[in-house]
Amino acid sequence: MRRVPRLAAATAAAALTVLAGGPASAVDPTVTDPHVVAHFDFAAGETPENIALAPDGSAYLTFAYAHKVVRVGRDGSGPTDVATFPTVVDPPAAAVTGIVRAHDGTLYVNYATGTADENGIWRIRPDGSAPQRIVKVPMSGFPNGLALDEKCDTLYASDSSRGRVWSAPVPAGDEEVEATVWATGSALLPTEKLPFGANGLKIHDGAVWVSNTAQSTLLRIPFEEDRSAGPVETRATGLTGIDDFTFAGHGDTVLAALNAVDKLELVRPDGTHKTVLTRADGLDNPTSVAVRAKTVYVTSAAFFNTVNPDPNLLLARISRNKL
């Protein structure tokens, strides 16, 4: 029998350990060259809450308190108005939250209003027509994170106030449909101390992933064969103030915006995590993150900054190391 040299065997064993979810620092993606490309007007409600990327690298942003969607160029040009949502007088704390872009350019956007006629998921067609609500969410719900499964024409939205995940089919026409409860459980709920539970939401590798701001956790909910929700799995803890997140590549490594502590956190598949960007890099209550090719996009809303708030869009370079 041919023997493997000790050094080669040790190297192979180390590689297998990493692939199995062990110490991951050797293959962590690196995030470098952070720079703010656009600053926004906090006083005008230009507080970017969520992001969806276009094929050319420009970004669609939801301005939570200006109640609109804008487009910002990769070079920071803009913002250019894409759509403005109907004014809601009562309650005045209405917010435009999650956004996703379909391959045909259609945008789907959450509008959390607490009102019967506006609360829910809206569609913005690429022809420039006015936004239209297509999914009703109960008035007591706060639709926040949003994802689209284009293979099944289904939308999934997190509910931060009720601690659940809604689902709804995408209607072909202009009719409205009712959201139905897709997933519930204590892991999705807010807490007495912080009434803001399930927040960011993504579909990835056979599951819906959800962040819980109140519980500082990242969760995974697998799809069953009939597309119903499987048991909720906690994938990471200790993520203080986690808002939205994205995946750094094809695997389960996550980049998460930690809103309350001004950090971009890299979360490894084994649940361990480290900080890769901070306030010193330009973050000001970061709300969401997206990745395209070798670029990371991070939005900051400056929600809790009472001194010189700086809502902005920051770009950085991501390098994915290989074994």
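Two strands pair if DSSP finds at least two bridges between them, and helices (H or I, at least four residues) and strands (E, at least two) are DSSP runs, numbered from the N terminus. The views below show a predicted model, in which local features need pLDDT of at least 70 and side-chain atom pairs count only at pLDDT 80 or more, while totals for chains, interfaces and linings use all residues. Residues are numbered from 1 along each chain as its sequence is written, and side-chain values use heavy atoms, with hydrogens and water left out.

**View 1. The whole chain, with 1 helix and 25 strands.**
The C-alpha trace spans about 75 × 45 × 40 Å along its principal axes. A compact globule of 323 residues would have a radius of gyration near 20 Å, and the chain, with 20 Å, agrees with this; the radius is taken over C-alpha atoms, and the globule rule is 2.2 Å times the number of residues to the power 0.38. Of the 323 residues, 53% count as buried, where buried means under 20% relative accessible area, exposed over 50%, and partly exposed in between (1.4 Å probe, protein chains only). Among the contacts (heavy atoms within 4.5 Å) with a separation of 6 or more, 47% are made by residues 24 or more positions apart.

**View 2. An open sheet of 5 strands, in the order E6-E7-E8-E9-E13.**
The pairing in this sheet is mixed. Strand E6 (95-101) and strand E13 (177-178) stand at the edges with a single partner strand each, so one side of each is left without a neighbour in the sheet. At the E6 edge, E6 and strand E7 (residues 107-112) pair in the antiparallel sense over 5 bridges, and within this pairing Ile99 stands opposite Val109 in E7.

**View 3. The surroundings of Val177, a residue of strand E13.**
Val177 has a relative accessibility of 19% and therefore counts as buried. Leaving aside residues up to four places away in sequence, Val177 touches Ile134, Val135, Lys136, Ala168, Pro169 and Pro171. One of these, Val135, is 42 residues apart from Val177 in sequence, yet their C-alpha atoms are 5.0 Å apart in space.

**View 4. Strand E2 (residues 48-53) and its hairpin with E3.**
In E2, 6 of the 6 residues are buried, so this strand is largely enclosed by the rest of the structure. E2 runs antiparallel to strand E3 (residues 59-63), and 5 bridges join the two; one place to look is Leu53, which stands opposite Ala59 in E3. The hairpin formed by E2 and E3 has 5 residues between the strands, and Gly57 in the turn has a positive phi of about 90°.

**View 5. Strand E24 (residues 295-300), with 6 of its 6 residues buried.**
Because these residues are buried, E24 is largely enclosed by the rest of the structure. Thr295, Tyr297 and Thr299 point one way from the strand, whereas Val296, Val298 and Ser300 point the other way, and all are buried. In a regular strand the side chains alternate between the two faces of the sheet. E24 pairs with E23 in the antiparallel sense over 6 bridges, and 6 bridges also join E24 to strand E25 (residues 312-319), again running antiparallel. Tyr297 takes part in both pairings: Tyr297 is the bridge partner of Ala290, and Tyr297 also stands opposite Leu315 in E25. The hairpin of E23 and E24 has 2 residues between the strands, and there Ala293 takes a positive phi near 55°.

**View 6. Backbone details at Asp33, Asn285 and Pro79.**
Asp33, whose place is in strand E1 (residues 30-39), has a phi near 55°, a positive value in a residue other than glycine. Asn285 likewise is not a glycine and has a positive phi of about 55°, but this residue is found in the loop between strand E22 (273-278) and strand E23 (286-292). Their surroundings can be set side by side, since Asp33 counts as exposed at 53% relative accessibility, whereas Asn285 counts as buried at 5%. In the loop between strand E4 (68-72) and strand E5 (80-84) lies Pro79, and the peptide bond leading from Gly78 to Pro79 is cis, with omega near 5°.
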